[in-house]
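Please look over the sequence and the structure below before reading on. The briefing that follows goes from the overall layout to a helix and then to the surface.

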Amino acid sequence: MHDPEDAGFENEPFDPDDVLWVRGVDYLAGWRYATDAGSALVGALAAAGVDTTGLMWQASTAADGGGRLRVVLPAAAAHDVAALVRAVARLGKAG
């Protein structure tokens with residue numbers, strides 16, 4: 001996981017929903033879920049042979065407490081992921 005202040009993440013316009021918390025919403029659970037998803041994604045990509053060296057991700061939560069995962073990856077890794085998804089789609093159609 002990378003620091004949200006990391007230079008690899010571009011600045012975005014201010015969104016009040018990203019900073020206002022609502023009483024009773026379990027933001028920590030959403031963040032934990034997103035953190036687990038990020039670790040699982042990197043592990044699965046690495047196991048599939050995708051070079052995850054330049055991959056960056058950041059866990060956060062939405063205004064409703066749901067987990068969010070922001071992923072930044074090199075173009076070469078994006079092409080590898082696209083090829084994997086297409087291969088899985090072809091297998092699904094063949095079966």
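**Overall layout**

Read from the N terminus, the elements of this protein follow the order α-β-β-α, in a model that is predicted. That order is made up of 2 helices and 2 strands.

- Of the 95 residues in the protein, 18% are buried, where buried means that a residue has under 20% relative accessible area.
- When contacts between residues at least 6 apart in sequence are considered, 58% of them join residues that are at least 24 apart.
- The accessible surface of the protein amounts to about 6,900 Å², and carbon and sulfur atoms account for 58% of that surface.

**Helix α2**

- Helix α2 covers residues 75–94, which is 20 residues, and spans 29 Å from its first C-alpha to its last, close to the 28 Å expected at 1.5 Å a residue.
- Helix α2 is hardly covered, since the count of buried residues among its 20 residues is 1.

**Leu-73 and the nonpolar patch**

- Leu-73 lies in the loop between strand β2, which runs over residues 67–72, and helix α2.
- Is Leu-73 buried or exposed? With a relative accessible area of 30%, Leu-73 is partly exposed, because that term is used for values between the cut-offs of 20% for buried and 50% for exposed.
- On the surface, Leu-73 forms a nonpolar patch with Leu-41, Leu-69 and Val-71, and together these four residues have about 250 Å² of accessible area.

Technical notes
Residues are numbered from 1 along each chain as its sequence is written. This is a predicted model: local features need pLDDT of at least 70, side-chain atom pairs count only at pLDDT 80 or more; totals for chains, interfaces and linings use all residues. Side-chain values use heavy atoms; hydrogens and water are left out. Helices (H or I, at least four residues) and strands (E, at least two) are DSSP runs, numbered from the N terminus. The expected span of a helix is 1.5 Å times one less than its number of residues. Buried means under 20% relative accessible area, exposed over 50%, partly exposed in between (1.4 Å probe, protein chains only). Patches are made of residues with over 30% relative accessible area and no salt bridge: like charges are joined within 9 Å, nonpolar side chains (Val, Leu, Ile, Met, Phe, Trp, Tyr) within 5 Å. Accessible areas come from the Shrake-Rupley method with a 1.4 Å probe; for residues, only the protein chains shown count as cover. A salt bridge is a side-chain nitrogen of Lys or Arg within 4 Å of a carboxyl oxygen of Asp or Glu. Contact means heavy atoms within 4.5 Å.
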